[in-house]
Amino acid sequence: MNFKESYKQEMDLLKKTPGLTSKAITSIQEKKYRSYSAWKMVFAAAAFICIIGGAVQHEKIISFAEAIIGRFTLSAGGGKMEFGEIKAVPMDVEGFIKDAGTKIVTGWDDKAEPPYSYYQNFNSYEDMNRVTNIVLPCADKVLYKEISVQIVPENNCGHINAQIIYDGASYNVNGMYTTKGFNQDSWGFGENNAETVEKYKYGNDRNASFVKDADGHDVVYFSEENILFKMSFNNGTRKQVKKLLGLFGDNK
Amino acid sequence: MYIYNYAEDGTEEGGETYIYSHAEIENILEKYGDTIYRAAYIQLKSRDKADDIYQEVCIKLLRLKQKIEGEEHLKAWLLRATIDCCKDYWKSVWYRKVTVDNQMVTEQIEEGGEQEAGYLTECMQQLPGKYSAVLHLFYYEEYSIKEIAEILNTKENTVASRLSRGRDKLKKILGKGGNNYEF
């Protein structure tokens, strides 16, 4: 068999995601519009703010959701949203690393650099829960797929990624958790030039923050089961996300 | 072949004039969209990430300071921008500290998740980015070592070395699956 011919045949079948070009062009147009009208917008915004006296808050922010010794917070335009106290996940880290074997994160040069990061993938929530002791919100009511758990033992924290299927929509979540001994000053999610769209309360006074990132992607930050989640919902609506958060809140 | 530079920081200033019109960008993306997408997918092993890289490249195209003359030059520039975006992704703090990593995604694909790529694509994706980039440009895009060196902005010797080592690594991966391909 000839590699070149076989590889070409495979590659020819790979097409870009349908609608990607129009999405990219829309994104470009939005950026173009923002660029052309930037100064006009500054004056307009200043006038608008004067008129309404700051009644409406749409902040251009560098948002950074992080675990600062003991608490999860989301920095947003100089203010902070509190997501509550962090409790370590009762994870058997040594056992997890042993099972992970050689699954260490590497990069472009195939080099792993300290602090070393180990990962495992799981076919089901039950498998993941059995190995890590990590609990995901409403696992009996929503479907979790494609679950990956990553840990940086040196820093006593890690990430869990999964897809949530609920009410006809799917969401990708990236959750940050800590293990016993966590004492990092700052460990978190970064968003440059993000825009806070809505600060939202659900359940029994629980906080969530809807953010539009620099590329116009919709994300929401919230904390459940001692995990700080960043969830993208490009395939769902804010209304659907609120329904999901409501489900999480009602479960308390 | 001369590869045009693009504005690295891409700062947007009020009143900036973009060199390509909407229709021109649409035409370029229609023509080379799959080329960009394939190069990104081979590197990042994930459709979502390839989608993101595609958009990044589109923005870089928008911010070009001068039009690129000649179809071959344009294609080469798009490939260079794509691979640079992939490298930036690998180096990013987001990747190292936060995001689901490339290997995790690959493993999921192997474990029966959504996967539309063929066997050889999967094998290529197991290689470190610096090897898969060179192999993809050589075997799929059919660039010479000299041309790849210009696209990647590196020395021809480096490309030749990566091509050789990458091929050896790929042969081992293919061998594990009991497949012997002629290169």
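# Close-up views of a predicted two-chain model

**Figure 1. Helix 1 of chain A is covered in part by helices of chain B.** In this predicted model, the cover over the buried residues of helix 1 of chain A includes three elements of chain B: helix 1 (22–44), helix 6 (119–125) and helix 7 (129–140). The buried residues of helix 1 (residues 3–13) of chain A include A:F3, A:Y7 and A:M11. These residues lie on the same side of helix 1 of chain A, because they cover an arc of only 50° around the axis. The face turned away from that buried side carries A:E5, A:Q9, A:D12 and A:L13, which are exposed. For the complex, the predictor gives an ipTM of 0.82 and a pTM of 0.53.

**Figure 2. Chain A contains both helices and strands.** Chain A has 6 helices and 11 strands. Of its 252 residues, 33% count as buried. Among the contacts in chain A between residues at least 6 apart in sequence, 52% join residues at least 24 apart. The views of Figures 3 to 6 show parts of chain A.

**Figure 3. Strand 4 of chain A is covered on both faces.** Strand 4 of chain A spans residues 118–122, and 5 of its 5 residues are buried. On one side are A:Y118, A:Q120 and A:F122, and on the other are A:Y119 and A:N121. Strand 4 of chain A pairs with strand 5 of chain A in the antiparallel sense, over 5 bridges. Within this pairing, A:N121 has A:S148 in strand 5 of chain A as its bridge partner.

**Figure 4. Strands 5 and 6 of chain A form a hairpin.** Strand 5 (residues 143–152) of chain A runs antiparallel to strand 6 of chain A, and 8 bridges join the two. A:K145 stands opposite A:Q163 in strand 6 of chain A. The hairpin has 4 residues between its strands. In the turn, A:N156 has a positive phi of about 55°.

**Figure 5. Strands 6 and 7 of chain A form another hairpin view.** Strand 6 (residues 157–166) of chain A is mostly covered, with 7 of its 10 residues buried. Strand 6 of chain A and strand 7 (residues 169–178) of chain A pair over 10 bridges in the antiparallel sense. A:I165 has A:S170 in strand 7 of chain A as its bridge partner. There are 2 residues between the strands of this hairpin, and A:D167 takes a positive phi near 55°.

**Figure 6. A:L228 is a buried residue of chain A.** A:L228 lies in strand 11 (residues 227–232) of chain A. A:L228 counts as buried because 26 C-beta neighbours lie inside 10 Å, and the cut-off for a buried residue is 20 or more. A:L228 and A:F83 are 145 residues apart along the chain, yet their C-alpha atoms are separated by 7.7 Å.

**Figure 7. Chain B has helices and no strands.** Chain B has 9 helices and 0 strands, and its pattern along the sequence reads α-α-α-α-α-α-α-α-α. Of the 183 residues in chain B, 44% are buried. Among contacts in chain B between residues at least 6 apart in sequence, 72% join residues at least 24 apart.

**Figure 8. Helices 7 and 9 of chain B pack against each other.** Helix 7 of chain B and helix 9 (residues 156–176) of chain B pack with their axes 8 Å apart, at an angle of about 100°. Helix 7 of chain B is therefore roughly perpendicular to helix 9 of chain B, as angles of 65 to 115 degrees are counted that way. On the side of helix 7 of chain B, the residues that meet helix 9 of chain B are B:K130, B:Y131, B:S132, B:V134, B:L135 and B:F138. Their counterparts in helix 9 of chain B include B:V159, B:R162, B:L163 and B:L170.

**Figure 9. Confidence varies among the elements of chain B.** Chain B averages a pLDDT of 78, and 76% of the residues score at least 70. Among the elements of chain B, helix 7 of chain B has the highest mean pLDDT (94), and helix 5 (residues 102–110) of chain B has the lowest (42). The pLDDT is below 50 over residues 2–15 of chain B, a stretch with 25 contacts in the model beyond near neighbours in sequence. Residues 93–115 of chain B also stay under 50 in pLDDT, and for them the model has 40 contacts beyond four places in sequence.

Terms used. Residues numbered from 1 in each chain as written. Chains lettered and ligands numbered in written order. Predicted model: local features only at pLDDT ≥ 70, side-chain atom pairs only at ≥ 80, totals over all residues. Buried ≥ 20, exposed ≤ 12 C-beta atoms within 10 Å, placed from the backbone. Pairing = 2+ DSSP bridges. Arc of directions from axis to C-beta. Contact = placed C-beta atoms within 7 Å. pLDDT = per-residue confidence, 0-100. Axes fitted to C-alpha atoms, helices over the stretch in contact; angles between N-to-C directions. Parallel < 35°, antiparallel > 145°, perpendicular 65-115°, else oblique.
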